[in-house]
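Trainee: Could you walk me through one part of this model in detail? I'd like to see it set in its surroundings.

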Amino acid sequence: MTPIALARGVRSLRGRRLVGWPFLSIAAGNRPFPPTSCSSLSTSTHALPAGESHSCDVCIVGGGTVGTALACALASSPAASSLNVALVEAGDLYRPLNAQEGIYSNRVSSLTQGTVGLLQDLQVWERIEASRRWPYKKMQVWDAIGKGKIAFDAATIGANSIAYIVENNHLQAALVERLQEAGNSVSVFNRAKVQSIVTDEGKSATGWPIVQLEDGRTIQSRLLVGADGANSKVRTFAGIDSIGWDYSQMGVVATLKLAPGVENDTAWQRFLPTGPIALLPLNNGYSSLVWSITPTLASRVCSLPEAEFVELLNAACTSPSADIQYLCAHISPDGKPLVDFKEESTWGRQREAAYDPSSQPIPPQVVGVQAGSRAAFPLRLRNSEFYVKSRVALIGDAAHTVHPLAGQGLNLGLADVESLAQAITDGLQVGQDIGHIHLLEKYAQSRYVPNLAMMKAIDSIGRLFGTDLGPVAALRSFGLNLTNSLSPVKAQIMRYAGRSLI
Amino acid sequence: MHHQRTLTRLFGRRLTHRKPPQYGSIRSVTSTVDQAEIAKFARAADDWWNPGGEFAMLHRMNPVRVGYVRDMLEHVGKGDGTSAAKPFTGLRFLDIGCGGGLLSEALVRLGATVVGADAAEENIHMARIHAAQDPTLQFGRGSFEYRHTTAEQLAEDGEKFDAVCALEIIEHVVDPQEFIRVCGQLVKPNGLIFCSTINRTPTSYLFTILLAEHLLRWVPPGTHEHAKYVTPEEMQRFLTGAGCEVLDIKGMSFNPASNQWSLLSGRGLGDLQMNYIVSARKMVAEEQVRPEPVDSSEGQEGSR
C-alpha cells in the first residue's frame, strides 16, 4: 500500500461522520486498501452496509451514564478535541424522557458534591430540571436493634446540602443532550449490540482491539473503554478477572408517596438485622425506597397489595425489629397478607411509643406507592483484578460493582470518568499514544485503591449492621452514639462525604 | 540510549548497508530488505517498544522530556499557541539518535514535522515499521521521515531545523563537544536545541550503573559507560561553543514507587546529580561574534 493512496483515501473519507481512519495494517506487506472503507459514501449510521469498518482513537462500549459521561468529558476537553471517539450502545440512547410531575423513576442515585462538580464542569448538571435534582440537608442513620443513632446536618459544616438525589434516567438524558450538542467529535453507534471483540493481530497489524457488532460493522480503536456494566464483554475480552461475591440479598426499590406537610430534606436510613432500609428524598411529598432483604422475601414484598406494602414500610421504618419480622413472616409466597397488617403495625407502634417515645427518629409516614415502581435486583460486590491492560480500560460497573447501601455506584463510576479523562488529556499534551499502558496505569493507580477502600467500607458497614447478635449490636450502638456526640468527628465524616462519600 | 548496541546484539554483525535507503517512505522498507529481514526488524521493534521491556525506563521518561520541550517552546513563543492539541504545527524538528522513534512519534502527534535520524540502519527500519502501525502518524497534521544518517551528514547537506532534540544520545557518542557543535549548526537562528543526558558524578555511577544495570537490571548491563557522561558545566560550555545560549537546565528523577519520572527545578541540592535536560537558543549571527568564555562556576543554575 502506498502512502499516497492512503492519503487520498483518507481525504475522501474525512468529511464523513463515522469513519475516522481507514483500516491500516501496513509495514512489511503491501496490503490493498480495504474496499469497504472507500466505497461507502453514506452518512447515516443505520444506512451503512454490513461489514463497514471504522477506526477511531477511543471506542467506548456501553452508553450508560458512565460511558456517556466519558464521551462528554472527551468532547468538551480542548486538548482531546482532536480525538475520534465512538460510543457503542446496545439500547436506544435517544429514548425520550417522559417526565411528568409527581411521577418518578425508581432508579435513583445520591450524587455527592464531588460528582456534582464534575457534572457542572461538563455542562450537564444545569440541564437536569431543577425539581429533579433534590438536595438533602440532613441524614439520619439509626439501628433497629439497640438505640444507636447518628444525625448529620450540612449546616454544621457550612454547606447547603450533603448530596443530591437524582433519577438516573434524568441524568442520562442530560448527558445525551450534552453529547448531541458536542457535535461530530463523537460517533454514536446506537442500538448496536457487540457480538465479539478481537485483537488485530499478525506481523504487520496494529494490535488494536476490534469490536465486531451484530450487524457486521467493526470498530477498531487505539483505546477500548469498557463501560458495559457488571457483565462486561470488554473485561472478558481483556481476560481480566472480577473478584467478589453476591450478597444473598436483593435490593427492593420503589417510588413512595409521603404524608404531606413535611419539608422533605432528610435522607433516612435504618439498619434492620435483615439489611438497611433507606428513604431518599425526591421532592416534597416523594421519596425513593432502597430496601435490602432476602431474595425470598423480596419477591413476596414486591407482589404484596399496596396498602399492606405501605404498612410494612412504615413498620420497617419505625417498629421494633421483632414486629417487622412478624409481618414479614406472614406474607404468602404469592404476596398475600396472612394477618391484618394495619392492626398489627398500629399495635406495634403504640407499644413502642408507650415504651420509649424519644428513642427512635421518626421518618415521614409513607402513604402510597407509585404504580409499577416496585422492583428488586440482586446485590453484589465485585472488583476487577485490574482496571487496565494495554489498549483497554474499564470504568464504572465494568470495573467494580458495589452494594447500593450508600448509593455510591454512580459516584465511583463518574470519579473513574474524571480520572481516565484526565490521564488521556495529560497524555495528549505530551504526544503519548493514549492506549499505552503507562498512560492507562495512571488512571488505575488513582482509582483502584479509593474504589477498594470504599467497597471495603460499604461491605463492612453492611456486615456490621447485618446481625442482631447482642454484643455486636451493643457495640455498634455505642459506636454510633459516641460518634454522634463528637461534633469534630461528625464534621470530618461530613466533609469526607461532601468530597466523595455518602 | 544504546540502540546500536542492542541491535548489534540482536542481529550480530551480519547486517550491513545494502544500498542507500530511500528516505522518507515506508515503502523503502519493503524495497530494500528481504522479508526475513523485515520479520526480524518487526520482532526487534516489538522488543524495543515493549512497555515492560529493556527500554521501559526510556518509555516512562519520554512524556516528561516531551512536556519539557513543549513548555520551553511555548515559553519562547514558538509553535502554534492557539492549538492545544497540535502546538508544534509548523515547526520542523530533528530527533537525532531517534532509536525506535519514541520521541519522533510523540512530536508528530503534537503536529510537528520531524526528521528522525539514527546512525544505526536497524533502528531506522524499526522506527518505520512501528510508525506504520499507527494511522495518526500517517494522516495527522504532523509528518515524519526517518533517515539513516548522521548529524554531520545532515549539516553537510545544509539542513536546518526549528528545534534539534539530542535526548539520551550524548552519552553514547565519541566526541560530545564536536557532536553538539554540529547539532548547533543544524538549528535555525533563534531555534532551540534540547540535550538530555546523565551527569558524571559518584551518585550517577551508583544509581545508573551499579543499581540500574547490575543489581536491578532496569536496563541491560553495558548500556552506559560512566566516563562518557557529561557534566552540566561541560554541556553548557559545549553549547556556548556551538553558538547557543543556555536557557534552562532541569533535573529529571525517577520515583520507583509511582513508576514515574518528574522534572526537578535544577536549583535544589542534588537536582542535577543524575539525569538532566538542557535547552538552549541558537544565537543569531551578530550575537555570536563576541566570544563569550563560560565561567564554569556559574554551573548548575544555567544562565537565564
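How many helices and strands does chain A have? And once that's clear, please take a close look at strand β1 of chain A: which strands is β1(A) joined to by bridges?

Mentor: Happy to, and keep in mind that this is a predicted model. Chain A has 14 helices and 20 strands. The chain runs to 502 residues, and 56% of them count as buried. If you look at contacts in chain A between residues at least 6 apart in sequence, 76% join residues at least 24 apart. As for the outside, the accessible surface of chain A comes to about 20200 Å², with 55% of that belonging to carbon and sulfur atoms.

Now to your strand. β1(A) covers residues 53-61, and 9 of its 9 residues are buried. One partner is strand β11 of chain A, residues 218-226, which runs parallel to β1(A) and is joined to it by 8 bridges. To find that pairing on screen, go to Cys56(A), whose bridge partner in β11(A) is Ser221(A). Another partner is strand β2 of chain A, residues 85-88; here 4 bridges do the joining, and the two strands again run parallel. A handy marker for this pairing is Val58(A), which stands opposite Val85(A) in β2(A). Getting from β1(A) to β2(A), the chain passes through helix α3 of chain A, residues 65-75, and this β-α-β crossover is right-handed.

While you have the model open, hop over to chain B too. An unreviewed UniProt entry places a "binding site" feature at Arg65(B), Gly97(B), Asp118(B) and Leu167(B). Take Arg65(B), which sits in helix α4 of chain B, residues 56-75. Arg65(B) has a relative accessible area of 4%, so it counts as buried, the cut-off being under 20%. Leaving aside residues up to four places away in sequence, Arg65(B) touches several others, among them Leu102(B), Glu168(B), Ser196(B), Met252(B) and another position from that record, Leu167(B). The side chain of Arg65(B) also makes a polar contact of 2.8 Å with the side chain of Asn62(B).

Asp118(B), also on the UniProt list, belongs to strand β2 of chain B, residues 113-118. Asp118(B) is buried as well, because its relative accessibility is 6%. A polar atom of the Asp118(B) side chain lies 3.3 Å from the backbone nitrogen of Cys98(B).

Note on methods:
Residues numbered from 1 in each chain as written. Chains lettered and ligands numbered in written order. Predicted model: local features only at pLDDT ≥ 70, side-chain atom pairs only at ≥ 80, totals over all residues. Heavy atoms only, no water. UniProt positions renumbered as here; feature names shortened; annotations may be inferred. Buried < 20%, exposed > 50% of the residue type's maximum accessible area, 1.4 Å probe, protein only. Contact = heavy atoms within 4.5 Å. Polar contact = N/O pair within 3.5 Å; in protein donor to acceptor, adjacent residues only side chain to side chain. Pairing = 2+ DSSP bridges. Right-handed = clockwise from strand over helix to strand, strands pointing away. Areas by Shrake-Rupley, 256 points an atom, 1.4 Å probe, with all protein chains shown as cover.
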